[in-house]
Amino acid sequence: LGTMGAAVLVAAHVDEAAAALALPLFGAAPAVAVGVVGAAVVSPLLLAGLWQLKCRNDERLGIGVLNRAQAKVSLSAFALDDSQRMDWGPLRSSCAGLGGCTSGELDNEQLLELNPPSSSDVFQLSCSRVSASMDGSESEQAPDGEEEIACVQCTQRGRVYWVLERGGALVIQEVPRMLIPAYAGQPVSK
């Protein structure tokens, strides 16, 4: 469902919720009036605002990440000045908001597009292994049980990166543009 889906669900039914609250307080006639005003004015305004937010999010360039490591990895994008880099689902230390995608998990050879809900073009990308525990659930730990240090790299919108394993450590590197079909044959510019 996601944050945007929950917001649309609330906006679509705000008139019904307001009418249900007004009914025991004011009676049937005022509750109907509240429901009509909510359906005719409030819900469309909220939905139009969410639609505009979605369009703005869709206009921003994303960050592409391809997992070339042998392990499943967890990725999260954070603001450049975020020293905490904490992610508790919908609550984050930075890059929190409606729309966009700020984190995800990738199996080997999978591609993920991150599009943080922020006007910034440069982000920190944090990457760590996701390993299966004995009970079948997944946790972010190193395979030997020790706490693994997350790989953190600065990334930029409109670029494609890959996650590689070098000497047992995860590394995030930009994919050379000459390997991306859309840029093949174009001169390299920095």
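Let's start with one pair of residues: valine 65 sits opposite tyrosine 161 of strand S11. Strands here are DSSP runs of E with at least two residues, numbered from the N terminus. This is a predicted model, where local features need pLDDT of at least 70 and side-chain atom pairs count only at pLDDT 80 or more, while totals for chains, interfaces and linings use all residues. Residues are numbered from 1 along each chain as its sequence is written, and side-chain values use heavy atoms, with hydrogens and water left out.

S1 and S11 run parallel and are joined by four bridges; two strands count as paired if DSSP finds at least two bridges between them. S1 also has four bridges to S6, this time antiparallel. There, isoleucine 63 has leucine 114 of S6 as its bridge partner. In general, strands of a sheet pair through backbone hydrogen bonds, either parallel or antiparallel.

Here are three strand pairings side by side.

| Strands | Sense | Bridges |
|---|---|---|
| S1 and S6 | antiparallel | four bridges |
| S1 and S11 | parallel | four bridges |
| S2 and S5 | antiparallel | four bridges |

How covered is S1? Mostly: four of its five residues are buried, where buried means under 20% relative accessible area, exposed over 50% and partly exposed in between (1.4 Å probe, protein chains only).

Now for the open sheet. Four strands make it up in the order S5-S2-S7-S10, with antiparallel pairing. Its edges are strand S5 (103-106) and strand S10 (151-156), each pairing on one side only. Within the S2 and S5 pair, leucine 75 stands opposite glycine 104.

Leucine 75 turns up again in the largest nonpolar core, which has 19 residues; Val65, Leu75, Cys127 and Val163 touch the most other members. Such a core is a set of buried Ala, Val, Leu, Ile, Met, Phe, Trp, Tyr and Cys residues joined through side-chain atoms within 4.5 Å. S2 gives the largest share of this core, four residues. Leaving aside neighbours within four places in sequence, leucine 75 is in contact (heavy atoms within 4.5 Å) with residues including Val65, Leu112, Cys127 and Val163.

Finally, the cysteines. How many disulfides does the structure hold? Zero, a disulfide being a pair of cysteine sulfur atoms within 2.5 Å. For cysteine 151, the nearest cysteine sulfur is that of cysteine 127, 5.6 Å away. Cysteine 151 is buried, at a relative accessible area of 12%, whereas cysteine 154 is partly exposed at 46%.
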